[in-house]
Amino acid sequence: MEDKKKTIKAGLIETLPIAIAVAAYGISYGVLATQAQFSLAETIAMSLFVFSGSVQMVTVAMLMGGATLTSILVTSALLNLRNLLYGAALAEGLHSSRKQRWLLSFGVTDESFVLGSQRFKKYGPDPLYFAAVAGTLYFAWAFSTLIGALIGNQVDPLKWGLDLAFPVTFVALLIPSLKDKPVIATALSAVVIAIGLESLAPGNEFTIILTGVLSPLVGLYLKRRGNDVS
């Protein structure tokens with residue numbers, strides 16, 4: 001019992017700084033959804049059942065632009081393809097909790113993947129830690145969405161810089177993992193590709209998808225080349 005309390009406490013403490021950044025982004029989503037004429041119930045329900053900031057933001061933007069349901073579903077599926085890789089990578093760390101794995105899989109996000117992976121590498125499988133991380137992030141996202149929806153049109157997220165919280169969080173999560181050439185090359189190529197695509201077609205929602213597909217190929221090439229040389 002004491003070990004479980006320590007695990008939960010570690011999950012909460014290590015997630016708290018990230019949860020604050022996630023909350024800032026959640027407020028942005030709540031405000032934008034309200035400005036897009038979403039009702040309070042619709043805004044909250046989307047956070048509770050979708051729990052994906054990128055998908056929710058894109059969905060709101062596409063609805064405001066008059067996109068069809070088919071295009072929204074396809075875009076959402078493409079944006080969340082990375083979660084398949086996250087799930088495969090996390091499976092070993094969650095294998096001791098087979099019965100709850102389906103529930104824990106709902107908590108797979110970019111942030112929980114990074115924290116969970118780091119924990120599993122150091123201490124082995126630890127589904128309780130992952131549950132604490134995912135639960136903290138889920139609460140932060142849902143609660144901040146509620147706040148954003150309530151303040152609605154009274155706040156401009158861009159003016160307050162809330163939209164920067166999410167990318168800054170990702171950078172903070174990424175830096176500790178930049179330890180070898182293939183990983184560094186992947187990160188740098190992602191920067192170059194994203195900036196290049198954004199310069200060619202500003203505001204294109206496929207920029208993230210193409211960057212996510214192309215930049216890992218650079219890292220894989222360098223890793224393979226390194227293995228061939230050794």
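1. From the N terminus on, the elements of the protein chain run α-α-α-α-α-α-α-α-α-α-α-α, and the secondary structure accordingly comes to 12 helices and zero strands. The model is a predicted one, and every point below should be read with that in mind. Of the 230 residues in the protein chain, buried residues make up 40%.

2. On the membrane annotation, an unreviewed UniProt entry lists residues 12–32, 44–74, 128–151, 157–175, 182–200 and 206–222 under "transmembrane region". Two of these spans can be set beside the model. Residues 128–151 are 100% helix and 0% strand, with end C-alpha atoms that lie 35 Å apart. Residues 206–222 are likewise 100% helix and 0% strand, and in that span the end C-alpha atoms are 25 Å apart.

3. Which residues make the nonpolar surface patch? Val74, Leu78, Leu81, Leu84, Phe206, Leu210, Val213, Leu214, Leu217 and Leu220 make it, and the patch covers about 900 Å². Helices α4 (69–79) and α12 (206–229) each supply at least two of its residues, and α12 gives the most, with six residues. Phe206, one of the patch residues, has its place in helix α12 and is partly exposed, with a relative accessible area of 38%. That value is over the 30% relative accessible area that a patch residue must have.

4. A search of the whole structure finds two salt bridges. In one of them the side chains of Asp110 and Arg82 meet, at 2.9 Å from N to O. This pair links distant parts of the chain, since Asp110 is in helix α7 (residues 110–123) and Arg82 is in helix α5 (residues 82–90), 28 residues apart. The two partners are covered to unlike degrees: Asp110 counts as buried at 10% relative accessibility, whereas Arg82 is partly exposed, with a relative accessible area of 25%.

5. The side chains of Asp126 and Arg119 also meet in a salt bridge, here at 3.1 Å from N to O. As general background, side chains of opposite charge can pair when their charged atoms come close. Are the partners in this bridge, Asp126 and Arg119, buried or exposed? Asp126 is buried, with a relative accessible area of 11%, and Arg119 is buried as well, with a relative accessible area of 13%.

6. Helix α2 (residues 40–49) has as its buried residues Thr43, Ile44, Met46 and Ser47. Seen down the axis of α2, these buried residues fall within an arc of 155°, so they line one face of the helix. The general reason is that an α-helix has 3.6 residues a turn, so residues three or four places apart point the same way. On the face of α2 turned away from the buried side, the exposed residues are Ala41 and Phe49.

7. Two residues other than glycine deserve a look for their backbone angles. Phe51, just after α2, takes a positive phi of about 50°; Phe51 lies in the loop between α2 and α3 (53–64) and is buried, with a relative accessible area of 9%. Gln37 has a phi near 75°, which is a positive value in a residue other than glycine. Gln37 has its place in the loop between α1 and α2 and, at 67% relative accessibility, counts as exposed.

8. Thr34 is found in helix α1 (residues 2–35) and is buried, with a relative accessible area of 18%. What does the side chain of Thr34 reach at 3.4 Å? The side chain of Thr34 reaches the backbone oxygen of Ala149 at that distance, while the backbone oxygen of Gly30 lies 2.8 Å from a polar atom of the side chain of Thr34.

9. Pro125 is found in the loop between α7 and α8 (127–151), where, at 41% relative accessibility, Pro125 counts as partly exposed. The C-alpha atoms of Pro125 and His95 are separated by 7.0 Å, although the two residues are 30 residues apart along the chain.

Note on methods:
Residues are numbered from 1 along each chain as its sequence is written. This is a predicted model: local features need pLDDT of at least 70, side-chain atom pairs count only at pLDDT 80 or more; totals for chains, interfaces and linings use all residues. Side-chain values use heavy atoms; hydrogens and water are left out. Patches are made of residues with over 30% relative accessible area and no salt bridge: like charges are joined within 9 Å, nonpolar side chains (Val, Leu, Ile, Met, Phe, Trp, Tyr) within 5 Å. Accessible areas come from the Shrake-Rupley method with a 1.4 Å probe; for residues, only the protein chains shown count as cover. A salt bridge is a side-chain nitrogen of Lys or Arg within 4 Å of a carboxyl oxygen of Asp or Glu. Helices (H or I, at least four residues) and strands (E, at least two) are DSSP runs, numbered from the N terminus. Buried means under 20% relative accessible area, exposed over 50%, partly exposed in between (1.4 Å probe, protein chains only). UniProt positions are given in the numbering used here, feature names are shortened, and annotations may be inferred rather than shown by experiment. The arc is that of the directions from the helix axis to the C-beta atoms. A polar contact is a pair of N or O atoms within 3.5 Å; within protein, one must be able to donate a hydrogen and the other to accept it, and residues adjacent in sequence count only if both atoms are side-chain atoms.
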